[in-house]
Amino acid sequence: MDGSVTVITNPTVSVRVTSTVSSFEVNRRFNRGVTIAEFKSKLEMIVGTPAALMDLELFSTSDKFLQKLDNNEALLGSYPVDDDCRIHVTDRSGTQSGEFTDLSKVEKFEISDEAYEKRADSVRNFKKNMKLGRFNEENRAKQEETLAKKEEEEKAAAEAITVGNRCKVQVPGQPTKIGTVMFVGTTDFKPGHWVGVKYDEPLGKNDGSVDGKRYFECDPKYGAFVKPLSVTVGDFPEEDYGLDEM
C-alpha cells in the first residue's frame, strides 16, 4: 500500500434542463466527456433551440446560479456539474415560453360562411356528397319522427300524473326512489314535459327550484325533476324507518 487515494468520478451526469422556450423541465443523463459544443447539439434535440443560438447557465441542485457554460471547446465534466443540477438554455433568437402554445398569438385564417359554402374541398361539401349527418335527409326525417313520437308519449304520460300522487321514480342507472308528485308541466330550464318530485329521502338534486325559479317547495336534496316516462304513480306508502322507536 502506498497510501494514495483514488477518486472515481461517474462518467455520466443526470441534470435538469430548462429553457426560455418552454415551461417544462426535462431530466436527462449526459456524458461528462462531451464538449460544450457537442452538448449544445444534444440539447437542440430536447429544447428545439439551434445550438448556435444557445446560451447555457449552470445552477446548483438548490437552483443557485453557479456560472455560464460559455467555452464551446471545454468538456462538460470540466464544470462543477453534479447530479440534479439544472442547466438553463437561453434562446438568443428571442423565442419566449408559450409562443408556440398560446393560440391567442396565432394568426387565424377566417372565411365567410358564403365563401365556405362555395368551396368544393370543404368538409361541409364532403358531408353533402356523402349524405352524412344533417345532410342525410332520410336519416334526419327518421330522427325527427322518433323525437316527435317520444314527445307525444311524454305528454300523454304527464297528463296521467296529478300533483299529490304518490309515485315511484325509475331512471336508468339510478336506484328506484319513492316520493310525492309536486309539479307536472313544462319548465324554463329545459324543453318538454317534466315531473317535479319530492322524495321521501334526501336523494334529490334541489329544493324544488332550478336556476332561481321555484316550481314547488321541499327541503334541499329532496327535490328532483324527471321525465314523465320515468314516473309510475300508485300506492307507495312512506317507509317507516323506526325513528319513533326507543
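For sorting pocket linings, Ala, Val, Leu, Ile, Met, Phe, Trp, Tyr, Cys and Pro count as nonpolar, Asp, Glu, Lys and Arg as charged, and the others, Gly among them, as polar. With that in hand, welcome to a short tour of this structure, which is a predicted model.

## Pockets

Let us begin with the largest pocket, which holds about 260 Å³ of space. Its lining is made up of 14 residues, and those nearest the centre are Gln174, Lys205, Ala224, Phe225 and Val226. Two elements, β8 (193–199) and β11 (223–226), each give two or more residues to this lining. Of the elements, β11 gives the most, with three residues. By class, the lining of the largest pocket has seven nonpolar, four polar and three charged residues.

The second largest pocket comes in at about 210 Å³. Here the lining consists of Leu147, Lys150, Glu151, Glu154, Lys155, Pro191, Gly192, His193 and Lys227. Helix α4 gives the most to this lining, with five residues. What is the mix of nonpolar, polar and charged residues in the lining of the second largest pocket? It divides into two nonpolar, two polar and five charged residues.

## Salt bridges

A search over the whole structure turns up 13 salt bridges. Three of them are set out here.

| Partners | Closest N to O distance |
|---|---|
| Glu25 and Arg16 | 3.3 Å |
| Arg119 and Asp121 | 3.1 Å |
| Asp207 and Arg214 | 3.0 Å |

How exposed are the partners? In the pair of Glu25 and Arg16, Glu25 is partly exposed because its relative accessible area is 42%. Arg16, at 8% relative accessibility, counts as buried, since buried means under 20% relative accessible area.

For the bridge between Arg119 and Asp121, the Arg119 side is partly exposed, with 34% relative accessibility. Asp121 has a relative accessible area of 57% and is therefore exposed, the cut-off for exposed being over 50%.

Both partners of the third bridge are partly exposed: Asp207 has a relative accessible area of 22%, and Arg214 has one of 38%. Elsewhere, salt bridges with shared partners tie Arg16, Glu25, Asp63, Asp84 and Arg86 together in one network. The bridge between Glu25 and Arg16 has already appeared in the table.

## A surface patch

On the surface, Phe126, Met130 and Leu132 make up a nonpolar patch, and together they have about 300 Å² of accessible area. Where does Leu132 lie? Leu132 is found in the loop between α3 (123–130) and α4 (137–159). Its relative accessibility is 37%, so Leu132 counts as partly exposed. A residue needs over 30% relative accessible area and no salt bridge to be part of a patch. Helix α4, at one end of that loop, is also the element that gives the most to the lining of the second largest pocket.

## A residue in β1

Our last stop is Thr18, placed in strand β1 (residues 12–19). Is Thr18 buried or exposed? With a relative accessibility of 12%, Thr18 counts as buried. Measuring from C-alpha to C-alpha in the model, Thr18 and Glu57 are 10.0 Å apart in space, while 39 residues separate them in sequence.

Methods: Residues are numbered from 1 along each chain as its sequence is written. This is a predicted model: local features need pLDDT of at least 70, side-chain atom pairs count only at pLDDT 80 or more; totals for chains, interfaces and linings use all residues. Side-chain values use heavy atoms; hydrogens and water are left out. Patches are made of residues with over 30% relative accessible area and no salt bridge: like charges are joined within 9 Å, nonpolar side chains (Val, Leu, Ile, Met, Phe, Trp, Tyr) within 5 Å. Accessible areas come from the Shrake-Rupley method with a 1.4 Å probe; for residues, only the protein chains shown count as cover. A salt bridge is a side-chain nitrogen of Lys or Arg within 4 Å of a carboxyl oxygen of Asp or Glu. Helices (H or I, at least four residues) and strands (E, at least two) are DSSP runs, numbered from the N terminus. Buried means under 20% relative accessible area, exposed over 50%, partly exposed in between (1.4 Å probe, protein chains only). On a 1 Å grid over the protein atoms alone, a cavity is a set of points where a 1.4 Å probe fits but cannot get out, and a pocket is an open set with protein on both sides within 12 Å along at least five of seven lines; lining residues have an atom within 4 Å of a point. Grid points are joined across faces, edges and corners, and a volume is the space filled by probe spheres set on the points.
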